[in-house]
Amino acid sequence: EYHRIYRTVLSMMENDEWMAPRLDGAARVRKHPLTYWMTRVSFELFGVSVTSGRAINVFFAALLVVVVALIGFEYDKDHAYGFNAGLIALSMLGMGISSKFLMHDLSAAALSGLAFYCFLVWCRTRRRGLLLAMAASLTAGFFIKGPVVLVVAGAGIGSLFLTKPAVRASLWRSKLTLLLPLALSLGLILAWYAYVASLYPDQTV
């Protein structure tokens, strides 16, 4: 699949196409576009190479490690706890393998974790900007991997909802505050799909 990502991005550059990933002249409407957009930006800035493509995954691998450490610190204010959590994430075999290839999974995991971390901190601080950051992370993740990002982040939020009465009470009290950023996120996702579908109603790969 990662070979197709490179080919798709090169095809987009050749045809100066941004909105929809294209491969062999056909729009890949069913493929989520953000990985292709980021790869094209990297190619435009640093040149077309495997290294500039892999740099995206290296960035998200680092982000995932940092997010895991921050989540660990949020659960236990001992800095060593969060630091060790980040080191465990860094030492996983899948981290080393996935960071070498331009794929969707690592970036989706990092953005899912970031969304969950924003929610955790919001539960403690009630800062509305964190809800916007959570919605932005979910939107970006959706544009990379689709609904699985909502499932991964939602599993953590659902676990807190089921086990923490204080979280349930907070969510109920703040339901309208939560709905606005989520509605904006959903609106952006649907707007992209509607626009691309109107351009390429019959072209899917």
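Is Arg54 buried, partly exposed or exposed? Arg54 counts as partly exposed, at 37% relative accessibility (buried means under 20% relative accessible area, exposed over 50% and partly exposed in between, with a 1.4 Å probe and protein chains only). What you have here is a predicted model, in which local features need pLDDT of at least 70, side-chain atom pairs count only at pLDDT 80 or more, and totals for chains, interfaces and linings use all residues. Residues are numbered from 1 along each chain as its sequence is written, and side-chain values use heavy atoms, with hydrogens and water left out.

**Confidence**

- The protein averages a pLDDT of 83, and 91% of the residues score at least 70 (pLDDT is the predictor's confidence in each residue, from 0 to 100).
- Confidence is lowest in helix 5 (residues 93-98), with a mean of 61, and highest in helix 7, with 91. Helices here are DSSP runs of H or I with at least four residues, strands are E runs of at least two, and both are numbered from the N terminus.
- Where pLDDT is low, the predicted coordinates should not be read in detail.

**Salt bridges**

- There are four salt bridges in the structure (a side-chain nitrogen of Lys or Arg within 4 Å of a carboxyl oxygen of Asp or Glu).
- Arg40 pairs up with Asp16, and their closest N and O atoms are 3.0 Å apart. This pair links distant parts of the chain, 24 residues apart: Arg40 is in helix 2 (residues 34-46), while Asp16 sits in the loop between helix 1 (2-14) and strand 1 (22-23).
- The two partners have opposite settings: Arg40 is buried, at a relative accessible area of 3%, whereas Asp16 is exposed, at 56%.
- Glu44 joins in as well, since a network of salt bridges links Asp16, Arg40 and Glu44.
- Arg124 and Glu74 meet through their side chains at 2.6 Å, N to O. Arg124 belongs to helix 6 (residues 105-125) and Glu74 to helix 3 (residues 50-75), so this salt bridge ties together parts that are 50 residues apart in sequence. Glu74 is buried, with a relative accessible area of 13%.
- Lys145 and Asp105 form another salt bridge, at 2.8 Å from N to O. Here the link runs between Lys145 in helix 7 (residues 128-145) and Asp105 in helix 6, 40 residues apart.
- Both ends of that pair are partly exposed, with Lys145 at a relative accessible area of 32% and Asp105 at 40%.

**Helix 7 against helix 10**

- The axes of helix 7 and helix 10 come within 9 Å and cross at roughly 25° (axes are lines fitted to C-alpha atoms, for helices over the stretch in contact, and angles run from 0 to 180 degrees between N-to-C directions).
- The two helices are therefore roughly parallel to each other (angles under 35 degrees count as roughly parallel, over 145 as roughly antiparallel, 65 to 115 as roughly perpendicular and the rest as oblique).
- Among the helix 7 residues that meet helix 10 are Leu131, Leu138, Phe142 and Phe143, and the helix 10 side includes Leu182, Leu188, Trp192 and Tyr193 (contact means heavy atoms within 4.5 Å).
- Ser185 lies in helix 10 (residues 175-199) and counts as buried, at 9% relative accessibility. Leaving out residues up to four places away in sequence, Ser185 touches Ala135 and Thr139.
- Trp192 is also found in helix 10 and is buried, with a relative accessible area of 5%.

**Helix 6 against helix 9**

- Helix 6 packs on helix 9 (residues 165-173) at an angle of about 85°, and their axes are 11 Å apart. That makes helix 6 roughly perpendicular to helix 9.
- Phe119, Trp122 and Cys123 from helix 6 meet Val167, Ser170 and Leu171 from helix 9.

**Backbone and long-range spacing**

- Arg126 has a phi near 60°, a positive value in a residue other than glycine. Arg126 lies in the loop between helix 6 and helix 7 and counts as partly exposed, at 32% relative accessibility.
- Back to Arg54: its place is in helix 3. Arg54 and Leu114 are 60 residues apart in sequence and 21 Å apart in space, C-alpha to C-alpha.
- Trp192 and Arg4 are 188 residues apart along the chain, and 22 Å separates their C-alpha atoms.
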